[in-house]
Every structure is written in C-alpha cells, then in structure tokens.
Amino acid sequence: MVTNHISEKAKIGKNVRIWHFAYVGDNTVIGDNVKIGSLAHVDYNVIIGDNTMIEGLVYIPPLSRIGKNVFVGPAASLTNDPYPPSDKLIGVTIKDGAIIGSRAVIKAGVTIGENSVVAMGAVVTKDVPDNVLVAGVPAKVKYSREEYDRKQKEWKS
C-alpha cells in the first residue's frame, strides 16, 4: 500500500498534520501547527513556519522558504529553476501572513511580501510587495490587503 513519505531527516514540529499520500523531503523543517494536504509534495531543504496551511496537490520545490501563518491553496505550484533545465536552483520565498490562491504559479526566485495575496490562477513572475493583492497573467497589483480583508468580511456576513 502506498502511504506518505516523510524523510527521517526532516524536522517536524508539534501538532503537524500531514494528510494522505504526501511527500516531505530531506532536511526540510516544518514548524508547529502546520497542515499539509493530500498529495502535496514538499521537497528537500524547505522551511515552513508555524501555523501554515498547505492544501492538497501543492508543489513546493527545494530551497523554498514559507513564513508563519501562510495559506497555500490547492494545486498551487512554486518553481525553483527560472531557465529549466539547469543545475542552478533558487527557491521561492513567501513571507508571513501571505495567501496563495488555488492553482497560482510562482516563478523561481520570487518573493511574496508579508500579508500579500496571490489570486487563484495568477502567474507571478516578479516580487510582490507587502500588503497587496496581485492577480492575472502575469500577476499585477490590483488592490491593497486592506481591501481584500474588507471584501472577505462582506462575503462572510
């Protein structure tokens, strides 16, 4: 039977939930209270901060850095080779409090700013500043995180 593969060299924090058929590679560090969804692939030398939620089918390549309180939506794909195939790799950095929408694609070497939002389906080819929402192909700033939070609050009520 096929199950999860969690490297013995990975460091897993407290209260981490890793769902079915997920992969966690060597020398990966996962903070406390993290959830990793089914069929997610978290490769080697990745760091994931506390209270982060990685949904199913997400790909996180080697050398990626994900902060605390981050949400990565289903089937999002981070990359680590800007000119494939090559031997020189660079990860993606996602800072604290960011939200990555479903099926977003983030180019190698890009930094997603603190508390920023990447809309579903966006293709991010350049760094994203703090506290904004980006959308589109290629992704561009559409409005502030404050506006996003207002729209989310209206949706919930």
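Begin with the whole protein chain on screen: among its contacts between residues at least 6 apart in sequence, 16% join residues at least 24 apart, where contact means heavy atoms within 4.5 Å. What you are looking at is a predicted model, in which local features need pLDDT of at least 70 and side-chain atom pairs count only at pLDDT 80 or more, while totals for chains, interfaces and linings use all residues. Residues are numbered from 1 along each chain as its sequence is written, and side-chain values use heavy atoms, with hydrogens and water left out.

**The whole chain**

Switch to a cartoon view, and you should find one helix and 21 strands in the protein chain; these are DSSP runs numbered from the N terminus, with helices being H or I of at least four residues and strands being E of at least two. Taken along the principal axes, the C-alpha atoms fill a box of roughly 45 × 40 × 25 Å. The radius of gyration of the protein chain is 15 Å, which agrees with the value near 15 Å for a compact globule with 157 residues, a rule that multiplies 2.2 Å by the number of residues to the power 0.38 and is applied to C-alpha atoms.

Now turn on the surface, where the protein chain exposes about 8700 Å², with carbon and sulfur atoms supplying 54% of that area; accessible areas here come from the Shrake-Rupley method with a 1.4 Å probe, and for residues only the protein chains shown count as cover. Of the 157 residues, 42% are buried, meaning under 20% relative accessible area, as against exposed at over 50% and partly exposed in between (1.4 Å probe, protein chains only).

**Two loops with positive phi**

Select Phe21, which sits in the loop between β3 (17-18) and β4 (23-24). Its phi is near 60 degrees, a positive value in a residue other than glycine, and Phe21 is partly exposed, with a relative accessible area of 43%.

Next, select Leu57 in the loop between β9 (53-54) and β10 (59-60), where phi is near 65 degrees, again positive in a residue other than glycine.

**Two cis peptide bonds**

Move on to Pro84 and Pro85, and look at the bond that joins them: this peptide bond is cis, with omega near -15 degrees. Pro85 belongs to the loop between β13 (77-78) and β14 (93-94).

Finish at Val137 and Pro138, which are also joined by a cis peptide bond, here with omega about -5 degrees; Pro138 lies in the loop between β20 (132-135) and β21 (140-144).
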